[in-house]
Every structure is written in C-alpha cells, then in structure tokens.
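Trainee: I am new to this structure and should be grateful for a close look at its buried interior. Please also explain how the surrounding elements relate to that interior, and define each term as it arises.

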Amino acid sequence: MASDLLSTQIEFLKGVGPQRAELLKKELAIHTFLDLLLHYPFRYVDRTRFYKVSEIRTEMPYVQLKGQIVAHSIVGLKRARRLVATFRDSTGTIELVWFQGIKWVAEKLAMGGEFIVFGKPAVFNGKFNIPHPELDIATDENTIRASALQPVYPTTEKLKSKGIDSKAISRMVRIVVSQMERKIPETLSLAVLEENHLLSKEHALRLIHFPSDPDSLRKAQFRVKFEELFFIQLRLIKVKKVRAQALKGILFSKVGDNFNRFFTDHLPFPLTDAQKRVIKEIRIDTGSGRQMNRLLQGDVGSGKTIVALMSMLLALDNGCQSCLMAPTEILANQHYQSLSEMLKPMGIPIALLTGSTRAAQRRTLLAGVASGEIPFLVGTHALIEDSVQFSNLGLTVIDEQHRFGVDQRARLWSKGKQLPHVLVMTATPIPRTLAMTLYGDLDVSVIDQLPPGRKPVKTIHRYDSARIEVFAFMKQQIAMGRQIYVVYPLIRESEKMDYKDLMDGYESIVRAFPQPEYQVSIVHGQMKNTDRDFEMQRFLNRQTQIMVATTVIEVGVNVPNASVMIIESAERFGLSQLHQLRGRVGRGADQSYCILMTSYELSNETRTRVETMVRTNDGFEIAEVDLRLRGPGDIEGTQQSGVVDLRLADLSKDAAILQKAREVAIKLLDSDPDLVSPVNYPIAARLRESEASRNFYSRVS
C-alpha cells in the first residue's frame, strides 16, 4: 500500500490550501500527493546549456543566458507601457522586454547581481530581443536547477487564471519529491528490476519530474511505461490462465457428417489458407476440453461468416446448438440470409430473433430453441432476454463485439448448461499493441487474405471542384451495369445540418441523373425501418442504380454489383469508418472504386487520413495509423478495458515496451502462478491494490 506521505490530501501541501486544492481536484483530478506525483510532464524544455549573446539565431526555439542587467527603465504610456532592460554577457548585449508584471520584475532587477535569463528570441527593428523572459538570480541552487531538462506540466486555463501554471505545479512536485526519500513502496520484485535493468520506483519518479539529462529521462520513462503495461498484461494473462485451468468447456470430440458434407459439397468458394488456419485453431480449442475464448479479426469481405458457420456445424456434429449475436437488425438479417442460403441444400433449420419478430412467430421459435429442434439461432440483443432458453448451447458467436456491453455478453454466456465456447468477431482491424492490451486474455486469430477473385478497391481523392468529372465517371459505371453508393456523414451533434447536407446532395444527384434513365434510392436514420428496408431491397434488386445514404449502410448491406463508393465530406469521417464504408464495394469480381470527396482546405491530420486510404487497403496498417492519430482512448471498445488508464505509456509508440512487459509477465506467472513467492510480494501487493480499485475480471469475452 502507498505510504502515509502519498495518501496525504493535496490541501496539506505547502502553498496549496483548501481553495487551490478544490481547483486541482476538479480540473486535474489531483486529490493526494500520489496523484500529484503521477501527474507527469508532457514535454521538457532543454536548459542543459547556457548560450552566449553572440550565439543567438532566429531559428532557436529558446535560449538560456547568464550575465548582468546593466540598465532598465519603464517606457511608454497606458497599453504601450513596458519595462525594457539591457542584458550583457562577455560577448554582447540584448534587450529584454516585459509588458506585464512590470512592478514585480522591476523590484527583482533592482536587487542587482548576476541573472539567469530564459526565453524565446525575437527580432524587432533588425535587433534581437527576448519578450517576457523568465528571470532568476544566479544563485548556486538556481544555476544547478537551470542546468537541466525543465518539466512542462499539463494544466488548464482555469488553473492558470488562479496562478497554477506549469511552473507552479513544478514547485509543488518539487516539495513532495524532497520529502519522499525511502517512502515510495517498490511495486516490482528485485529479480524483475535486475533482469530488465530497471530503475527503482522512487528513483524513476524523481527523475521523470526532474531529469538531469536526456539519458536519465529515457531510463525513468522506460521504467514507468514498463510498469503500467506490465500490470495490465499480468492481469490479462492471469485471467487467461485461470480460465484454462478452472473453466471446463464442452468437448467437441469429433468432426462429423455436417461439417464434412458442407466442406466437401457446399462451400460457395474455396477457403483461403488463412480461413483454414483459423478453423484449425478453433477445432483444437473446442477439442481440448477447456472453454474456447477466441477473437477473430478479419477485414470486411475476408470470409469470417464462413468460419463462424463451420464452427457452428462442428458444434452441431457434437450435439450442441449455436447462436450468433449481431449489434443491429440489419446486420442480424444479413447474417441470417447468408447462413440460410448456405444451409438450405443441407436442410438444417436456422431461425432469426430480433425486436421485430412477431409474437406468434416468437412463441414458435422459442419453443423450437428450447426443445433443440432449432440448432442455429441468429439475432440481436433479443437473444439475451430471459425467455430465450436453449436445450444445449455449445457455441456463442458475437459479431462486432465492441458494440455490446460487458453485462450483455455475460448474459449470453450464461445461457448454456455448461460454459459455451465463445467466438468473438470483428471487422474493425485492431492494431497489434491494442489487441494485446484489450484482448490479451483471449486467443487471437487473424484472417489476413481476401477470397480468390477479389480485386483490391482503387481509392481516389477528389476535391469538391471536380464534381462534374466525378458525375461523368458515375454515368460511365452505370452504363456498364454497375451500382453506386453516395454516402454523407452523420454526426449526432449536428443531425439537422447532416440531414440538410443529405437532402441537398440527393437533389443535386437527381438533377444530374434524371428519371426515367436513372433511378435513385435514399436511406437515412430518420426513416422508418420498413421504408429503409424497402429502399435497400430496391437497390439490392438493381431497381435503382444510385443509393444516397448516411452511414446507416456502414454495416449490413452486401451488394456484389455495387462497384463505386463515393464518400462526401470525407474529412468528417474517422479512418476506421472510411475503411468500413470502402468495404461495402469490391465484393464482386469487377474492379471497384472508392472516391473520397473533400473541400480544398484540409488539416494535417485529415490529409494523413486521406493519403493513408489512397495508399493502402490493408486494414491493419490503417488501424495503426488511426491509433497514432487518435490515441487508444478514442478507439471503439477501449473505454471499458482499462487502456485509457495509461498515464505515460502510448500504445501507438511503445509496442516494444509492451512486448517486453508481456514476456516478463508470462515468465513470472509460469514460475509462480499465484504470486505466493516472498520475492514477488511487491508485485502481488500492487496487483491486489489495482484489482480493488477496478474489477478487471468482469470482462467475460
């Protein structure tokens, strides 16, 4: 446990008091001395060198000087009033200028002696000056402090207005650091520290706030990042080991007639090597006698549904039922239709349960599921209702699982008499570092090949000014018998504006593509479900050539004849969403295209997104770029994972540290699974502390 010093409330720190403490709590969640120590600098200003006046150049971000003030005076009136001082060292002179805090600075200058000056050089009337430099009397202590990397702390405008800027936070931290000798409990074992050349916790905390040089800062940051990632991995791997030992799964002892008949006679296309590899991994899991918990990643169109179906057939061959839960009715319907089509020649019953299922039909369906007559059930959240009872549930497949809460998944998990096997699927590629951190307790399979005959979608960027050229291309594609999506953004905060954008776009397309030669569908979130389904069906049946839509078509529409995806205002979409939308085309054998329409003025981040989409179709590369741009806290599914608790480690940059931390955690648990060895006491104590503050084990899949 943390020492008494670390648990001390922040109002008892010298110079803070009740009012400032209240602000620190509200603005930065700093309640205790420990919270303050864990409020790390976000950058450092290099003050390890003193420059001479003669060395100053315009391109220098900052300079630090040591010398004398030889003259100073207040000039100008009212708003033009300023304090001007002449600073001199052995190589020349430069003017220092202050427009605020004039009285305080003048009093300091009057003391005379040698000064340390730090600031950003500027040019005025052809001469260098330094506006508003930091100024300190050159005592021995100040000179030592100045000759280092200076921390810059996150703060807020509200705190700054009350005098709590980065320098003030630094002074507070310095007081705590000066008191903490031998009061910071170590959280790693001596063996882990020595084997991995890590600093002690206390030394790392001291150096991360007040590093003496870049090398000491690097070592301190490595220690802190390692610890953050190590305990996340330790918890996840511990969960995985507990499951493997304690949670017995239903034994799928054979590959039977249904699986073999489908594989031999009814596969719609040959399996890719990646699909075969994943099916083999699932076969080994389900035949091991332990419960399978496997995450299946695969890009849009990579063939995850076939893998799910073959896993369900494996369950059926072993006397078990399966269910597949999808986040929306559209997606559940799509799964039901594609699975029904593939199962039809084999005469295997399959049912669909959603919120729209009529009462009479629901009663019949539930009776069939309860008796075991219906082996396969596809549905939405309706599957977790108490009225849904299985005869012998052996496999649960969860599609796009990040859209379901923990409780929903747990309720589905508890439907079987024994623990069913769990296959979690996602078409949102997850960067390796994020997968290891979010799903480190699951086994991960990846389908990294597209089925044969698929051509990569060509992605093109066009500015709004090229609309006539884009319309001509659309007409050319329609003449070849192709169909086209035109998608507008939908952002909840501005639904009215989005709706207007959609309707304006629809009207301009209807003018450019007049009836009866062209037919245009429109789909958006404000339509009734029946009207939306009607329009989608018209497009699917090729009764319309163009579908104008919002992102409601991101999932759930599979139209192999659609070969062009035009994304309007592409700058308003995230990378993963752009990639998902692009996945709606390229499902047939024809060459498909994705056209990103944007305004001419783009931010650097938006330009990176667009250039990434044009350059690559690789969902995992796109996910890595998305992680770098947005950070893990903004990626779907991370909010409930504990990843956003990282204070210093960055999953987009610290993959090597994460891999190292995971390896150390695995090695430790292999040698001491319950962490009962006396040498591992610090690790066990820290793990208990973190588990008490967050019930990490509540994640069930």
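Mentor: The account below begins with the chain as a whole, turns to the interior, and then follows some helices, strands and loops.

This is a predicted model, in which local features need pLDDT of at least 70 and side-chain atom pairs count only at pLDDT 80 or more, while totals for chains, interfaces and linings use all residues. Residues are numbered from 1 along each chain as its sequence is written, and side-chain values use heavy atoms, with hydrogens and water left out.

The chain contains 25 helices and 22 strands. Helices (H or I, at least four residues) and strands (E, at least two) are DSSP runs, numbered from the N terminus. Of the 701 residues in the chain, 52% are buried. Buried means under 20% relative accessible area, exposed means over 50%, and partly exposed lies in between (1.4 Å probe, protein chains only). The accessible surface of the chain is about 33,000 Å², with 51% belonging to carbon and sulfur atoms; such areas come from the Shrake-Rupley method with a 1.4 Å probe, and for residues only the protein chains shown count as cover. Among contacts with a separation of 6 or more, 74% are between residues 24 or more positions apart. A contact means heavy atoms within 4.5 Å.

Now to the interior itself. The largest nonpolar core has 39 residues. Such a core is a set of buried Ala, Val, Leu, Ile, Met, Phe, Trp, Tyr and Cys residues joined through side-chain atoms within 4.5 Å. The residues with the most contacts inside this core are Phe262, Leu309, Leu313, Leu339, Phe376 and Leu423. At least two core residues come from each of helices H11 (257-266), H12 (273-286), H13 (304-317) and H14 (329-343), and likewise from each of strands E12 (350-353), E13 (376-379), E14 (393-399) and E15 (421-426). The most is given by H13, with nine residues. Leucine 339 touches Thr305, Leu309, Met312, Leu324, Ile350 and Val378, when residues up to four places away in sequence are not counted. A second, separate core has 37 residues, including Leu13, Met172, Leu205 and Phe210.

Two helices show how burial is arranged around an axis. Helix H18 (residues 467-479) has 13 residues, which at 1.5 Å a residue should span 18 Å, and its end C-alpha atoms are indeed 18 Å apart. The expected span is 1.5 Å times one less than the number of residues in the helix. In H18 the buried residues are Val470, Phe471, Phe473, Met474, Gln477 and Ile478. Seen down the axis, these buried residues fall within an arc of 160°, so they line one face of H18; the arc is that of the directions from the helix axis to the C-beta atoms. The face turned away from the buried side carries the exposed residues Ile468 and Ala479. Glycine 481, which follows H18, has a positive phi near 90°.

Helix H24 (residues 655-671) has 17 residues and reaches 25 Å from its first C-alpha to its last, close to the expected 24 Å. Its buried residues are Ile657, Leu658, Ala661, Arg662, Val664, Ala665, Leu668 and Leu669. They cover an arc of only 165° around the axis, which puts them on the same side of H24. On the other side, Ala656, Lys667, Asp670 and Ser671 are exposed.

Strand pairing comes next. Strands E2 (residues 63-75) and E3 (residues 82-89) run antiparallel and are joined by seven bridges; two strands pair if DSSP finds at least two bridges between them. Valine 75 has arginine 82 in E3 as its bridge partner. Six residues lie between the strands of this hairpin, in which glycine 76 takes a positive phi near 80°. E3 is also joined by seven bridges to strand E4 (residues 92-98), again antiparallel, and phenylalanine 87 stands opposite isoleucine 94 in E4. The hairpin from E3 to E4 passes through two residues.

Finally, some loops deserve attention. Most residues other than glycine have a negative phi, and most peptide bonds are trans. Histidine 132, in the loop between strands E7 (127-131) and E8 (134-137), has a positive phi near 45°. Its relative accessibility is 37%, so histidine 132 counts as partly exposed. Histidine 197 lies between helices H8 (190-195) and H9 (201-209) and has a positive phi of about 55°. At 73% relative accessibility, histidine 197 counts as exposed. The peptide bond from glutamine 515 to proline 516 is cis, with omega near 0°, and proline 516 is in the loop between helix H19 (495-512) and strand E19 (520-523).
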